[in-house]
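Here is a short set of exercises to work through with the viewer open. Try each task yourself before reading the solution below it.

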Amino acid sequence: MSSHESPAALVTGSNRGSGRAIAEELRERGYRVFSLNRSLAGEDWLGEHRCDLADPAQIAEATAQVLGAAGRLDVCVSNAVDRVLDPIAELRAEDWERLVAINLSACFHLLKAVLPALRAAGGMFVAMGSHAGTRYFEGGAAYSATKAGLKALVETLLLEERRNGVRACLVSPGAIANLDGDGSPHKMSTRSVARCVATIVDSWPDDLVVGEIEVRPSCLPEPPVVGIDRLLHV
């Protein structure tokens, strides 16, 4: 099999955390991995292209470079994310704009750039969502709003593009141990999340599509408030 015949995957934010784990898992399954990263990890196997995802022009340029090098694209994982967890009264306008640009608009611009290649390959677009998109919390206005918007974008993509052979999936995880040294038993490991994503991409039957999947840690901490007493805190 020539290099251009083997499947290719593009992952954003693969320099650390769950993005890196997803890239590693896809590589182990035989995919040629390419990446769009603002900060480069400096490892050849990641196929990195420097890209500030807040800039649509950089997304278009870097994606064109990836497609030129890969010759095809079978899966695109929109994973890169930014978080600011400030109350609305304290949230800076520039932080709101940056989160909208990176967490939501970048996914749209990336999708526009890769869609022709995904159509040609009968490929899949995966967006990494979050429980924050449906479970709101104090300080989460910007983060939750962008993740909620992502859900609408992916569902619309699924409705429009299945007839063109493109599948779409929103993966909505709960707490992930994304930071180095985080061994919390109440969070999912990045490796577990990556296995979930790669299985959807690589192992599920071709005649079904996973429009959205929600994954949660298997072990819960003791809640501070239970039962009807929760109503005291709404």
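The exercises go from the whole chain to the sheet and then to a single residue, and the model they use is a predicted one.

**Exercise 1. Find how many helices and strands the protein chain has, and in what pattern they follow along the sequence.**

Solution. Start by counting: the protein chain holds five helices and seven strands. Next, walk along the sequence and note each element in turn, which gives β-α-β-β-α-β-α-β-α-β-α-β.

**Exercise 2. Decide whether the radius of gyration of the protein chain agrees with that of a compact globule.**

Solution. Take the 234 residues and ask what a compact globule would give: a radius of gyration near 17 Å. The protein chain has 18 Å, so the two agree. For the outline, the C-alpha atoms fill a box of roughly 60 × 40 × 40 Å along the principal axes. Now look inside: buried residues account for 45% of the 234 residues. Finally, consider contacts between residues at least 6 apart in sequence; 67% of these join residues at least 24 apart.

**Exercise 3. Work out the strand order of the sheet and which strands stand at its edges.**

Solution. Trace the strands across the open sheet: the order is β3-β2-β1-β4-β5-β6-β7, with parallel pairing. Then check the partners of the outer strands. β3 (48-50) and β7 (212-215) each have a single partner strand, so one side of each is left without a neighbour in the sheet. As for the twist, neighbouring strands are turned by 15° against each other on average, direction ignored.

**Exercise 4. Describe how β5 joins β6, and which helices pack on the sheet there and elsewhere.**

Solution. Begin with the pair itself: five bridges join β5 (residues 124-128) to β6 (residues 167-173), and the two run parallel. Within this pair, methionine 128 stands opposite valine 171 in β6. Now add the helices. Helix α1 (residues 17-28) touches β1, β2, β4 and β5, and its direction makes about 175° with that of β1. Helix α4 (residues 141-161) touches β5, β6 and β7, at about 155° to the direction of β6.

**Exercise 5. Is serine 78 buried or exposed, and what does it contact?**

Solution. First place the residue: serine 78 lies in strand β4 (residues 75-78). Its relative accessible area is 12%. Buried means under 20%, so serine 78 counts as buried. Last, leave aside neighbours within four places in sequence: serine 78 is in contact with Thr12, Cys107, Leu110, Phe125, Val126, Ala127 and Met128.

Technical notes:
Residues numbered from 1 in each chain as written. Predicted model: local features only at pLDDT ≥ 70, side-chain atom pairs only at ≥ 80, totals over all residues. Heavy atoms only, no water. Helix = DSSP H or I, 4+ residues; strand = E, 2+ residues; numbered from the N terminus. Buried < 20%, exposed > 50% of the residue type's maximum accessible area, 1.4 Å probe, protein only. Contact = heavy atoms within 4.5 Å. Pairing = 2+ DSSP bridges. Axes fitted to C-alpha atoms, helices over the stretch in contact; angles between N-to-C directions. Rg over C-alpha atoms; globule rule 2.2 N^0.38 Å.
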